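Me: I would like to understand the terms applied to this model and the grounds on which each is assigned. Please take them in turn.

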Amino acid sequence: VQLQASGGGLVQPGGSLRLSCAASGSVFSLYVMRWYRQAPGKQREWVADIFLSGTLNYADSVKGRFTISRDNAKNTAYLQMSGLKPEDTAVYYCSARIRVYGDNSWATYWGQGTLVTVSS
């Protein structure tokens, strides 16, 4: 199983970006997908998650500006980011709790990260 994060880039303050996180391989079930971010010199922090049930959760710092969604048929999660601020600058990582075909256990997988830079 691999997670591929994409969609990062340079955007001006107040702008928008949409990140994608696609899971590929022998994915039988995908329980929860999460986004984290790590700003330069800071610890990685949780941003948002979405469960198979559709339950959504957001960090207070992004609530009202970011929207997480998922396409179960494509095993893909999205993070729509609006009203971006310079303090949103970070490498954004996705993770997913996945069960693969032929295995009854769940494991957490991580994507490689995509850089978001908010600057004028």
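Reply: The following exchange considers a predicted model, term by term.

Me: Why is Leu-52 called partly exposed?

Reply: The relative accessible area of Leu-52 is 44%. Buried requires under 20% and exposed requires over 50%, so Leu-52, at 44%, is classed as partly exposed. Leu-52 lies in the loop between strand 5 (45-51) and strand 6 (56-58).

Me: What makes Leu-52 eligible for a nonpolar surface patch?

Reply: A patch residue must have over 30% relative accessible area; the 44% of Leu-52 satisfies that cut-off. Together with Tyr-31 and Trp-106, Leu-52 makes a nonpolar patch of about 290 Å².

Me: How do you know that strand 3 and strand 8 are paired?

Reply: Pairing requires at least two bridges. Six bridges join strand 3 (residues 17-24) to strand 8 (residues 76-81), so the requirement is met. The two strands run antiparallel, and Ser-20 stands opposite Tyr-78 in strand 8.

Me: Why are strand 1 and strand 7 said to stand at the edges?

Reply: The open sheet has four strands in the order 1-3-8-7, paired antiparallel. Strand 1 (2-6) and strand 7 (66-71) each have a single partner strand, so one side of each lacks a neighbour in the sheet. On average, neighbouring strands of this sheet are turned by 15 degrees against each other, direction ignored.

Me: Which residues touch the most other members of the largest nonpolar core?

Reply: Of its 32 residues, Trp-35, Val-47, Phe-66, Leu-79, Met-81, Tyr-92 and Ile-98 do so. Strand 9 gives the most to this core, with six residues.

Methods: Residues are numbered from 1 along each chain as its sequence is written. This is a predicted model: local features need pLDDT of at least 70, side-chain atom pairs count only at pLDDT 80 or more; totals for chains, interfaces and linings use all residues. Side-chain values use heavy atoms; hydrogens and water are left out. Axes are lines fitted to C-alpha atoms, for helices over the stretch in contact, and angles run from 0 to 180 degrees between N-to-C directions. Patches are made of residues with over 30% relative accessible area and no salt bridge: like charges are joined within 9 Å, nonpolar side chains (Val, Leu, Ile, Met, Phe, Trp, Tyr) within 5 Å. Accessible areas come from the Shrake-Rupley method with a 1.4 Å probe; for residues, only the protein chains shown count as cover. A salt bridge is a side-chain nitrogen of Lys or Arg within 4 Å of a carboxyl oxygen of Asp or Glu. Buried means under 20% relative accessible area, exposed over 50%, partly exposed in between (1.4 Å probe, protein chains only). A nonpolar core is a set of buried Ala, Val, Leu, Ile, Met, Phe, Trp, Tyr and Cys residues joined through side-chain atoms within 4.5 Å.
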